[in-house]
Amino acid sequence: MMRTVDALLSQGRVIEPPSAFREWAWIRDERLYEEAARDPEAFWGRVAEEFVHWFRPWERVFEWTPPRPGTSPPWFRWFIGARLNVCYNCVDRHAQTWRRTKAAIIWEGEPGEERVLTYQDLHREVQKFANVLKSLGVRRGDRVTIYLPMIPELPIAMLACARLGAIHSVVFGGFSAEALRDRINDSGSRVLITAEGGWRRGQIVPLKRNADEALAECPGVEHVVVVHRGVMDATHVPMREGRDHWWHRLMEHASLQCPCEEMESEDPLYILYTSGTTGKPKGQLHVQGGYLVSVAATQKWIFDLRDEDIYWCTADIGWVTGHSYIVYGPLCNGATTVMYEGAPDYPDRDRWWALIEKYRISILYTAPTAIRSFMKWGEEYPRRHDLSSLRLLGTVGEPINPEAWLWYWEHIGGRRCPVVDTWWQTETGCILISPLPGVTPLKPGSAARPLPGIFADVVDEEGRSCPPEVPGYLVLTRPWPALSRTIWGDPERYVQVYWTRFPGIYFTGDAAVKDADGYFWLLGRVDDVINVAGHRLSTMELESVLVEHPAVAEAAVIGRSDEVKGQVPVAFITIREGIPTTTELGEELKGYVVTRIGALARPAAVFFTAELPKTRSGKIMRRLLRDIAEGRVLGDTTTLADPTVVQRLKEMYEERYGEGS
Ligand code: WTA
C-alpha cells in the first residue's frame, strides 16, 4: 500500500503524551536514547542484565562481520558465551516469587469458556509437557511443529520446547494442509502438536483433519500429540495407532519436574515462516539470548508494562506478533497476558469490548485492519461497554491511516490513552520503530522514531541517506539483538534478500519518509509482498499456486487497496485454449487458492484476460495491473511489447467491475 507522501506530511497534527501518563511512565525522558547513542554495545549489555536471568555471563556483547554473498554464518552474534534458558526466564523465576499466584495467562474460548493459569500453574504444565516431549524422544536442537488454535496449550508447548532447547515452528491454524506440510518438511520436524479443531465464528476449524492430510506426505514425523479442544467428541477423531497420542493421556503420566537446559545465547529458539518475494516461505531463525533481551525490553518500554496491568494483544500466536508480544515479551516481564480464541464479531460485533470490560484490560495491542472494521461497524458497539480500564493502545502490522488512528484514540481510548504505532517485521523479532508513550509526542499515522539501540535510516537507490520529506528505502544500519540470524536451510538467500541491496545494511523491503522532526512515516512494501489484513502474503506464492490449476496458463497477482484490509489480492489469469471462462471457474480458482494456502489468501477478484501486459523481455508489468485494478491513469507503457494489450484489459476490467473498483 503506497501512501501518498504529501497527504501524510500535511496532516501535521501532534498529540502530546497525556500528563497523567507521562508522570508515571517507566520511561519519561530521553536518557535511554542518549545512553544507547553513546555506546550501543554497552547499552544492550546493560539491558541484557536488567531483563534476563543468565546462568553464565557473556565474554563479549557483540561481534559483527557484515554478511555478503559468499560469506558464511554467523555474521553477527550477541552475548557471546552467555548461557540462559528462555523458559526459565518466562516461567520459573516468576513461580519462585510472589507472582506464583499471579495470573500469567487469562484465556477465553470463542464459546465463552474461561481458564486462568497462574505462574505456578504454568510452571507445572510446562514441566509436565516438557517431560512428555522428552518421552517422545525430543532433544535439544530437534524441531517441533505446533499447529494449534489459540488455546493455552499453544504457549505451554512453545515454552516446553524452549525448556528443552528444542526449536519450535508454530504454523498459523488458518493455514491449509499443504502449507502445513511444506513447513513441517522444510523444518524437518519429528513431532507435530495439534488439536482436533478450534472455533472461529461459530465454525469448527478442522485442524486434525488438515494435519492428517499433510502428514500423508511428511515421512519425518514420528509422533503427533493431539489436544482435545472439545469441538467434537473424541471418538469421532481418527487416531493412528502408534503415531497419534492424546495430550491429556500423555499428561496424566508425566512427572512434575523437568530441569531447564542451559542454552548458549546464540542457540536457536524458534523458526517462523513468513512470505517473501518468491513462492517459497522463508523460515526465519530466531535465537535464545538476543531475541529475549530485545523482546522483553521493548515490551516494557513501549507498553509501559506493570504488574497491575492486564495486557491483551489480539494477534494469533501463529504470527510473530503473538510470539513476541503475547508469549515471550509479557511472560518474561512477569505480566498477565490475555488470549482470546475467536473472531471479533462473534456472537456480536462487541465481543472485544465485552472482553475488555469483563477482564478490566488495561493495554490493548491490535492491527489497523481490525480498527477499520470497527469503524465501519460504528461506535455503538464500543459504547455498550465500560472501557475505562484501558490506559494504553497499540497498533501493528501495516500503516495506520490517520483517520483510523484518531477513531481508535477517541472511541476506544477516550482521548486519554496514548496510541503507539509499532513498526517491525517477522525478521526483526522485536519492535524497532515506535513512540515511547511517556516521552514521544504522537503524530497520527507515523510510527515516530527508532527505539533506543536501533539505527534506522531512509536511503536512496545508491544507499545515501535521504533528506527529510524525500521518500526512500527503510534500512537498519546496525544489527540489534533480536534480528533473525538466517533463513532455515538457506543462508545464501538470507544474505541475498536482506544484505545485498545495500551491502552491510539490513534492507527491510519497506518504503518510508522522514519528516523534519525525524519521525518515520511508513509507505508500504517495495517488493512483491502484499499486506492483507496485517498478514504478509507473497504475490508470487499465489501465482505459483494458480498456475498449477489445470485450467490456468498464466497468472499475475497484485495487491489492490482495500478500505478495511489495507490490501486484497486480485488475480489476472489467462486460461488454457478451449476452456470457457465462466464465473464458476473464477470461484473455483478462488477456492483453489484457499485450499492450497489458506483463507487469508483468497483472491478478492479473478479477472480473465487473453493476454497479460509484458515487457519485450517477457516480464509481466504488475505495476500496470495495479493501475488498472485501482482505476488509475495507466503509467508508462512504452516498454510494453504490445501496448494495446493493457488498454484492452483496462477497458474490460472497467466494464466488469466499474471504474476504480
Ligand atoms: C508492515 C508484522 C507500517 C511492513 C510485525 C513490514 C507496518 C511488514 C507496521 C512486516 C507499521 C508492520 N506501520 N507498516 N506499524 N508494522 N508493517 O513480518 O510492511 O508479518 O515490512 O510482521 O508489515 O510484516 P510481518
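**The contact between domain 1 and domain 2**

In this predicted model, domain 1 and domain 2 together bury about 470 Å², and 45% of that area is on carbon and sulfur atoms.

Reader: Which residues supply 66% of the area that domain 1 buries against domain 2?

Author: Phe175, Ser176 and Glu178 do, and no other three residues supply more. The contact takes seven residues from domain 1 and eight residues from domain 2. Domain 1 spans 116–264 and domain 2 spans 529–657, with their C-alpha centres 37 Å apart.

Reader: Why is the meeting of the side chains of Arg596 and Glu178 called a salt bridge?

Author: The distance from N to O is 2.5 Å. A salt bridge requires a side-chain nitrogen of Lys or Arg within 4 Å of a carboxyl oxygen of Asp or Glu, so the pair Arg596 and Glu178 qualifies. Across the interface of the two domains, the rule finds one salt bridge.

Reader: What makes up the side of domain 1 that touches domain 2?

Author: Its residues divide into three nonpolar, two polar and two charged. Between the domains, four residue pairs are in polar contact.

Reader: What makes helix α20 mostly covered?

Author: Helix α20 covers residues 622–629, and six of its eight residues are buried. Buried means under 20% relative accessible area, and Arg622, Leu624, Leu625, Asp627, Ile628 and Ala629 are buried in α20. The elements covering these buried residues include α18 (539–546), β28 (552–562), β29 (566–575) and α21 (643–657).

Reader: Which residue with positive phi follows α20?

Author: Gly631 follows α20, and its phi is near 70°.

Conventions
Residues are numbered from 1 along each chain as its sequence is written. This is a predicted model: local features need pLDDT of at least 70, side-chain atom pairs count only at pLDDT 80 or more; totals for chains, interfaces and linings use all residues. Side-chain values use heavy atoms; hydrogens and water are left out. Buried means under 20% relative accessible area, exposed over 50%, partly exposed in between (1.4 Å probe, protein chains only). Helices (H or I, at least four residues) and strands (E, at least two) are DSSP runs, numbered from the N terminus. Contact means heavy atoms within 4.5 Å. Domain bounds come from an automatic or database domain assignment. Buried area is the accessible area (1.4 Å probe) that two parts lose on being put together, summed over both. A polar contact is a pair of N or O atoms within 3.5 Å; within protein, one must be able to donate a hydrogen and the other to accept it, and residues adjacent in sequence count only if both atoms are side-chain atoms. Ala, Val, Leu, Ile, Met, Phe, Trp, Tyr, Cys and Pro count as nonpolar, Asp, Glu, Lys and Arg as charged, and the others, Gly among them, as polar.
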